[in-house]
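Trainee: I would like to take a close look at one part of this model. Please go through it step by step.

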Amino acid sequence: MKQQLEQIRTAAMKALEQAASPEELEALRVQFLGKKGELTAVLKMMGGLSAEERPVMGQLANTVRAEIEQKLDASRNVLKAKLLEAKLRSETLDVTVPGTRIPQGHRHPMNLALDEVKDVFVGMGFDIVDGPEVELSDYNFTRLNTPEGHPARDHSDTFYVTEDDEVLLRTQTSPIQIRVMETQQPPIRMFAPGRVYRKDEVDATHSPMFHQMEGLVVDKGITMTDLKGCLEQMVKALYGPDAVVRFRPHHFPFTEPSCEVDVQCFECHGAGCRTCKGEGWIELLGAGMVHPKVLAGCGIDPEVYSGFAFGVGLERMAMRRFAISDMRLIFENDVRFLEQF
Ligand code: PHE
């Protein structure tokens, strides 16, 4: 029996030394010390011993049990320390490793172009103003000298919001002229960018929603030369000092006289090419001297005051500025496109 106990001790010590996990330790505890364990099995045979032998063996058995328990504790502690060390090692933070880049967004080319134009007009003392996108047809048409029956008011051109055609999505930023003039006496110098809506099919140069930038100057003694000087200044600031502009007679109901302004094609310098569709010139904006009827309708005396107005397409401007060939790219918001600006 003594031999058996010695064997258990040796086997237990060896096994406990080698145990690699808390689960293994627990299994060994059950194997050696458990109710059905090896030590208990030996103790059960104590009954067959003589009276002298029994206490000696009992003591030895207790010693073996105590030693195994001690070794169990020690092994447990060693394992715990090892596990902690491994955990700490796996969780170390190397502050010298380069960080993960978070991609940062940036400004849309339309906003970049708009800011450039705004800067030009703020530099000339214009106020930047805003107006509603859902507008009264009174402001969008009637008070801009565009009466009922005018083709621009047709349902095929305009998105009406109400059955009675009194409310619509503005087709131009020009109603902002009216909103400013009816609340403000001259001198007026305002610049108003915004979205406008027309029933256009989407293609490379058209969209049912696009942006215009409206300009309006009203004061004593404002003439067509002021209009020309102002717009030439804008074109040169945006396209460089060598840009050439041309003023062409045109018609708008709310300006008289009216004109359209073209910039000479910067690809072919007037010879005609694909960019300008063989024209040599690229249309940029509509403009004119504010119609006396429009001034009077806003309570501004056309005998005392005169003014000029213009409306520029922002998409066109941005497309030219950044050499964008298709307007759809501007609205699709494909990051591969946007990232280039
Ligand atoms: N609103 C006109 C258009 O959309 C442009 C314009 C603005 C013309 C101001 C003259 C004066 O075509």
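At what angle do helix 1 and helix 2 pack, and how far apart are their axes?

Mentor: A word on the basis comes before the helices: this is a predicted model, in which local features need pLDDT of at least 70, side-chain atom pairs count only at pLDDT 80 or more, and totals for chains, interfaces and linings use all residues. Residues are numbered from 1 along each chain as its sequence is written, and side-chain values use heavy atoms, with hydrogens and water left out.

Helix 1, residues 2-18, packs with helix 2, residues 22-33, at an angle of about 170°, and their axes are 10 Å apart. Helices here are DSSP runs of H or I with at least four residues, numbered from the N terminus, while axes are lines fitted to C-alpha atoms over the stretch in contact, and angles run from 0 to 180 degrees between N-to-C directions. The angle therefore makes helix 1 roughly antiparallel to helix 2, a term that applies to angles over 145 degrees.

On the side of helix 1, the residues in contact (heavy atoms within 4.5 Å) are Ile8, Ala11, Ala12, Ala15, Leu16 and Gln18, and they meet Glu24, Leu25, Leu28 and Phe32 in helix 2. Sorted by class, this contact has 8 nonpolar, 1 polar and 1 charged residues, where Ala, Val, Leu, Ile, Met, Phe, Trp, Tyr, Cys and Pro count as nonpolar, Asp, Glu, Lys and Arg as charged, and the others, Gly among them, as polar.

For the wider setting, an automatic or database domain assignment divides the protein into domain 1 (2-90) and domain 2 (109-338), and the C-alpha centres of domain 1 and domain 2 lie 94 Å apart.

Notes. Helices (H or I, at least four residues) and strands (E, at least two) are DSSP runs, numbered from the N terminus. Angles under 35 degrees count as roughly parallel, over 145 as roughly antiparallel, 65 to 115 as roughly perpendicular and the rest as oblique.
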